[in-house]
Amino acid sequence: MKTIHLLLLFCTTTFCLGQNQEGELKKIISQQESDWNKNDMKSFSQAFSDDAVLINFLGMYWQGKENIITEFSHINECCIKPTSVKFDWIDSKTLSENAAVAHMKETLTAKEDYAVPGGVVKKGTVNSKFITVVFEKKNAVWKIVSMQVTQVNGPPK
């Protein structure tokens, strides 16, 4: 009987920790959504660890928080400022008490016409991407250590 109580206590504690962890990670992504929509890419990038990797939907490999900030600043006027973003949390998996992976759907909407290499994106255009994010907790702070963004051809399900 004592073993069953200990097992139930362990399972309840693990479940609560997992729920709390997901809540903390969702806050990070929610803040990134807000930062994007306020056009504050420096704040958006603060969610990344110093040595993070971001692979954008074009396959560009950006390593390190400073490089991520620099690359976002290069494309800000053309491709970020005239858009709004919505991140929808799909799921997450706890890998350990200090590591997790999550999946999201990104919906990007053009707020105005804007030029990109090879054409013009018209106001109201919506495109979708899937995002995989790996989080790591160090010194009680969660950071993104890896993010992969994949363009969806056709509406995501």
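How many aromatic pairs does the structure hold? The count comes to five. The model behind this count is a predicted one, and the rings are a handy way into it.

A pair of aromatic rings is described by the distance of the centres and the angle of the planes. Take Trp36 and Phe44 to begin with: their ring centres are 5.7 Å apart and their planes stand at 70°, so this pair goes down as edge-to-face. Both Trp36 and Phe44 are buried. Phe44 also pairs with Phe72, with 5.3 Å between the ring centres and 85° between the planes, so that pair is edge-to-face too. Here the two partners come from separate elements: Phe44 belongs to helix 2 (residues 41–45) and Phe72 to helix 3, so the contact ties together parts that lie 28 residues apart in sequence. Like Phe44, Phe72 is buried. Zooming out a little, Trp36, Phe44 and Phe72 join Phe48 and Trp62 in one aromatic cluster.

So much for the rings; what about the overall layout? The chain has three helices and eight strands. Walking along the sequence, they come in the pattern α-α-β-β-α-β-β-β-β-β-β. The chain runs to 157 residues, and buried ones make up 33% of them.

Next comes the largest pocket, which holds about 580 Å³ of space. It is lined by 29 residues, and the ones closest to its centre are Trp36, Phe57, Ile75, Cys79 and Lys129. Trp36 is thus a familiar face, being a member of the aromatic cluster as well. Several elements chip in at least two lining residues each: helix 1 (2–37), helix 3 (65–80), strand 4 (99–110), strand 5 (114–116), strand 7 (126–138) and strand 8 (141–151). Helix 3 gives the largest share, with four residues. As for the character of the lining, 22 of its residues are nonpolar, five are polar and two are charged.

Lys129 deserves a closer look. Its charged end sits over the ring of Phe57, 4.6 Å from the ring centre, and both of these residues are among those closest to the centre of the largest pocket. Lys129 also forms a salt bridge with Glu106, where the closest N and O atoms are 3.1 Å apart. That bridge links distant parts of the chain, with Glu106 in strand 4 and Lys129 in strand 7, 23 residues apart. Both ends of the bridge are tucked away, as Glu106 is buried and so is Lys129.

In total, the structure holds seven salt bridges. Which side chain does Asp88 meet in a salt bridge? The partner is Lys86, at 3.6 Å from N to O. Neither of these two counts as buried: Asp88 is partly exposed, at a relative accessible area of 29%, and Lys86 is partly exposed at 40%. Another bridge joins Lys138 to Glu136, with the closest N and O atoms 3.9 Å apart. Lys138 has 52% relative accessibility; since the exposed class begins over 50%, Lys138 counts as exposed. Glu136, at 32%, counts as partly exposed.

Two loop residues have backbone angles worth pointing out. Asn39 is not a glycine, yet its phi is positive, near 60°. Asn39 is found in the loop between helix 1 and helix 2, and at 25% relative accessibility it counts as partly exposed. Ala140 is the other case, with a positive phi of about 70° although it is not a glycine either. Ala140 lies in the loop between strand 7 and strand 8. Is Ala140 buried or exposed? With a relative accessibility of 63%, Ala140 counts as exposed.

Finally, back to helix 2, the element that carries Phe44. Lys42 has its place there as well. While Phe44 is buried, Lys42 counts as exposed, at 56% relative accessibility. The C-alpha atom of Lys42 is separated by 9.1 Å from that of Ile68, a residue 26 positions away along the chain.

Terms used:
Residues are numbered from 1 along each chain as its sequence is written. This is a predicted model: local features need pLDDT of at least 70, side-chain atom pairs count only at pLDDT 80 or more; totals for chains, interfaces and linings use all residues. Side-chain values use heavy atoms; hydrogens and water are left out. On a 1 Å grid over the protein atoms alone, a cavity is a set of points where a 1.4 Å probe fits but cannot get out, and a pocket is an open set with protein on both sides within 12 Å along at least five of seven lines; lining residues have an atom within 4 Å of a point. Grid points are joined across faces, edges and corners, and a volume is the space filled by probe spheres set on the points. Ala, Val, Leu, Ile, Met, Phe, Trp, Tyr, Cys and Pro count as nonpolar, Asp, Glu, Lys and Arg as charged, and the others, Gly among them, as polar. Rings of Phe, Tyr and Trp (its six-membered ring) pair if their centres lie within 6.5 Å; planes under 30 degrees apart count as stacked, over 60 as edge-to-face and the rest as tilted. Buried means under 20% relative accessible area, exposed over 50%, partly exposed in between (1.4 Å probe, protein chains only). A charge sits over a ring if NZ of Lys or CZ of Arg is within 6 Å of the ring centre and within 35 degrees of the ring normal. A salt bridge is a side-chain nitrogen of Lys or Arg within 4 Å of a carboxyl oxygen of Asp or Glu.
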